[in-house]
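Here's a quick tour of a few spots in this model. Have the structure open and follow along.

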Amino acid sequence: MNSIRSLSSLAICFCIFMSACPLGSTTFASTSLWGKKLVFEVQPCLWQLHSGVSVPALRELSVCMSLRRTISADWTGFEYKAPGNRETQLGFGGKNGKLFVKLFGQEWQFQNNLTVNEWHSVCLTWSGQAQRLRISINSTFLIEIPLTTSQQMSKNGTLTLGVSHYVHANGEIQPETGTNLVGEIGLFRMWAREWSLGELKNLNCTDGDLVSWDLKQWTYDCPPEPNINLHCAWSFYTVKMETCIFNTLNLGNLLLSPEEISKFWLERIFPQNISIHSILVSSPCSSCPIVNDSATLDKDQTQELELLSNTICDNCFNCEVHINVNPPADVEVVQAEITALLSLRSPLNFLNLSVQANDIVVLPVEQFSKATEPAPTVSSGIDTPKTAPTLSPSVHPANTSTTREPLHVNDTAEPDQFFRVDLVLNMTGSPLDPKDIIEKWVKKQLEVNNTMSVLNLDIKENAVRNMEHYSNLMISQDQPKQYYCAFHVQECNKNTVAEIEIRIQAALASKYQNHSIIIQTVEVMIRHIVPKNCSEDTSFTIYGKYIWPETFPQRIQVMGCIAPTSERAFRLCKLDIETDTTRWADPNMKNCHQHLSISDLNNITVTPGNAAEVVVVIQDLVVIQLGNSSELSPSHLESVVEKLSEVVDESIVNSAVGANIVTIVSDILLSNTDVTPVSNTFLNLTDRMADNMIFQGESANLTAPPLGFSMINVAPEEFSGLTFGASIVSPTKNPEMFVDQGFVNKPHPTANATISLPSALNDFFPTGERNTTRVQFQFYGTHELFQDLDINNAQSNWTLNSYVVSASINDSKIMNLEDRVVVTFSHQIPKKPRDKVQCMFWDFYKNGGRGGWNSSGCETESISPYQTSCLCDHLTHFAVLLNVERTPFSKVNEQILTVISYVGCGISSIFLGLTLLTYLIFEKLRQDYPSKILINLSAALQGLSMLFLLNTWLSSFSSYGLCIATAATLHYFMLASFTWMGLEAVHMYLALVKVFNTYIPSYILKFCITGWGIPAVIVSLVLVIDKDAYGSLADAENEMVLDSTEAFCWIQNDVVFFVTVVAFIGLTLLCNMSVFIMVLIQIKQIGANKLSANSHGSVLDLKAVASLTVLLGLTWSIGFFSFGPARVVLVYLFVFLNSLQGFFVFLFHCLMKENVRKQWRIHLCCGRFRLSEYSDWSRSVTVGDRSKKKNLVNSDSVASGSSQ
């Protein structure tokens, strides 16, 4: 009873003192390394165990550390050596890409190594009695090593972290270079017993009993740094401290034990989320020094302390307190705040308790007995004394996490007071971030004694006023800028409203100056506001159903998770700066486990009240499922679509819900999910959603990759048409959309799809509700929802070649329009000359209700290879389909053919140049008609080859005129080449078939007029009639131009191409083939008349046939037969022979002609290879044109055409 009476008296006196003399506070630096890391650079950094730390001889131990490597190199985690011995008794590290463990001089290596730039938790346990060594990494058992001997770990050895070491003769520890860790260590602990793997998992956040994670136990030459990546939340702690009690007044015999006094004191300085489990007192002493730290006390407290100057303490003792922090909090936070609480100086009129701040040790320890643990709380509604800091609970699970977002709970039984402050101020100077300067100044002025907090600070520059100053050239550069600030002030000391307003006014009225930066208040408006509490709210999430109780403004409500029950969920009752009212913020459920799956959606009933939450649940479930897998299963997809349909049908969809639905559809379409079975359901779903969605204003847009929706409310009497367009860069990007209030017939230059609605649609608007007519447009930058079974068939040549766009009007079915809807599409693959495009719409009833493409009611107008316009008499989903009639080449074949074509043309250009030089330099070679025709043919082929090689480069300038000129010139040289091939055939016919000595005056001149004039006339007519027939083609394909993925200037009008190229070349080759056959017959007859026919004559005949084939261009005819199964082979042959035609001309008409070789030897060779100009051959050369009157054909010309 005496003890109880004494305790009651003490409590009364303590309360009197607390009300009269509030405690001061000060900040004490904690020596804990929790929340910090050791950074090891390339230059070794030495962290060694303090010599004052006693390590006993051990027969078992456990070591755990967290580390992160930043480079791949040999490294050391830790090393323990016996005193004065170079042998490593225990060590861990990595070398040669393997892990190693050292124990009593032996070393074991493992294939595993720790991944670079990732945090890893490594634990080693050893038992000499059990003769085993165990290693685990990231809470996963790695290996157990059996030992053959039972040894003992030496006591008081040397321990280093991140580097191996040796002991110098003078006793100093020196690091060994070459194997030092380059990275970070976030945790190191050692226990004097062997823990099991299961026990280690439960000790993630506990400190070692031999070596703990505290600066007091280490000597180092590089300081620790804050660690934002690793944090541990824990509930169980042991506080060790030396406590002294001073009794300054004669209160009689208190009859209280040190345990009772300590418990009484601690229960009043600890917040209610810290409960005391037990208190142990030991080592009492008779006297202890007086603590005199008047700097931390106010005037009255200092006077009280002076009375203790000659007082001897009544009792000093070592106190060990076991506490429970609920909910769990980060270890470093608990250590710092417990140290701060215990370091507060608390002199009473009758009693003073003093704790040495440097002797306070706060250790996270094993879990206490379950029977004595306080029950976990599920919400925060308790009163925290204002005299001590509030412990901030962690939002992390009770293990190591990689992120940290601390939420502070302010636990009081009644709401704080709130004020709205509107501030106008001027700032002089030019800081880099003026808003940051203002924010720091406001908080510094108001958050002085932790009784007021600045919330929701919003800073805006008075741009209009500042621009007026800038426009006045006479204003100095130091002219102040004006800013508007609006924020809330939360006051928790319960002073009167008038007192608080005066304090705020005085704090903000003071002038701030820092060098050239000056802040001067212009106007302050303060208004006391009384925001309502956040009402009770039921939230339905993937973590389960939570009922959040009514909560004061700016308070964080804490609730227990459904799973696991040991964790907590948080939600803030937020004060909004725009409205000065409260609203619930989104709950923080990071610590809770998922409670629902997609399969559970079938058990959810959608109501108008929970529709928005159901959509959020579906969205979260889809994101989680697609994060774990690349697709949704058919059953999951069906559940999602069915539940979204219920939401649209059973509730009113607002913009936020609509945006979430579009996001869900987007996530599914971007995955590998097969949506074909539910494509029509998806399309109907989005149609109904857009028709019924509620939004502010006349229009609303919703976008998500790769979807775009635009809803427009129109007035029927003002409707004059609408035009919608959308463009998209990539299916993973949001499309850009635009709407024109009118009918625009021309396509938008950058849009992938444009749809223009005529004013005649007014006749189809729903009657009765004239003000609720809604037009909606939809854009789909993907083909996933529009898979037609007929088109996907392997035998079909059709393919979807545009994105999909649609338009509709609510409650109306639009069809049989006289004024057509104009839809313009950009092709995804440019149309080639023989390809066909067709405008189609998505028919929901095709393929047994699964949908398909239908062309009824749409007319196709091809604008260019890149665009197609559709004229349709109804509204639905439209697209353009491409029909590739011929089997396309593979990309590999196209690339190979491109290389062959360019290389062949390059070779031909070189040898055609040599041919022209040979015949132009040596006059004797160009004295007969065949040589002159050959010169013109070579010139035409040279122009064709050079233009082909330069075409892509000239096209890259993107010049309209240059491209037309390039295409027209290429067209001209192609026609000229075939014209001269035809003239070569005419000459052979006259020379070898007709065989009459007929004289034709100006023979070559007439040939030149024909050979160069006819192509010029054709090209000129094309330019006059339609110069746009020439242009740039991408992937242009025809018989004469090789496939190319780059732009190519050529004919882009099909009619011009087939008439002036295909038909012209076809007729020329047909004539040449006829002449070729007649010439072969003639050569055969000449050979039959020879008496000495032998193999040498056959070779000459073969050479003549090859020469004629090249001159007449018969290899080009292969292009007309490149179809069917042998098409690839024929195209390879076509490209090879024709790209090298110039080389073959040089081969047969220069290199293999005797007269050309002799001219080379006469003029280009020297020594014994040189021929005399007056040799027998030179005297026998035909004089050709020197005759006044000569025959059309002579022996040389015949030989040139045949035997040579």
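Helices (H or I, at least four residues) and strands (E, at least two) are DSSP runs here, numbered from the N terminus. The model is predicted, so local features need pLDDT of at least 70 and side-chain atom pairs count only at pLDDT 80 or more, while totals for chains, interfaces and linings use all residues. Residues are numbered from 1 along each chain as its sequence is written, and side-chain values use heavy atoms, with hydrogens and water left out.

Let's start with a pocket: on a 1 Å grid over the protein atoms alone, that's an open set of points where a 1.4 Å probe fits, with protein on both sides within 12 Å along at least five of seven lines, and lining residues have an atom within 4 Å of a point. The second largest one has a volume of about 670 Å³, counted as the space filled by probe spheres set on the points, which are joined across faces, edges and corners. It is lined by 22 residues, and Lys813, Phe844, Tyr845, Leu875 and Thr876 are the closest to its centre. Helix 12 (679-692), strand 41 (804-809) and strand 43 (836-843) each give two or more residues to this lining, and strand 41 supplies the largest share, with 4 residues. By class, the lining splits into 9 nonpolar, 8 polar and 5 charged residues. Nonpolar means Ala, Val, Leu, Ile, Met, Phe, Trp, Tyr, Cys and Pro; charged means Asp, Glu, Lys and Arg; the others, Gly among them, count as polar.

Next, a helix pair. Helix 14 (residues 891-921) and helix 15 (residues 929-955) pack at an angle of about 145°, with their axes 9 Å apart. Those axes are lines fitted to C-alpha atoms over the stretch in contact, and angles run from 0 to 180 degrees between N-to-C directions. In the contact (heavy atoms within 4.5 Å), helix 14 offers residues including Cys905 and Leu916, and helix 15 offers residues including Ile935 and Phe948. How many charged residues does this contact have? None, against 13 nonpolar and 11 polar ones.

Now for salt bridges (a side-chain nitrogen of Lys or Arg within 4 Å of a carboxyl oxygen of Asp or Glu). The whole structure has 23 of them. In one, Glu107 meets Lys95 at 3.0 Å, N to O; Glu107 sits in strand 7 (residues 106-110) and Lys95 in strand 5 (residues 88-95), 12 residues apart.

Finally, some backbone oddities. Most peptide bonds are trans, but these two are cis:

| Cis peptide bond | Omega |
|---|---|
| Asn326 and Pro327 | about 5° |
| Pro705 and Pro706 | about -5° |

Pro327 lies in strand 19 (residues 315-330), whereas Pro706 is in the loop between strand 34 (699-704) and strand 35 (707-713).
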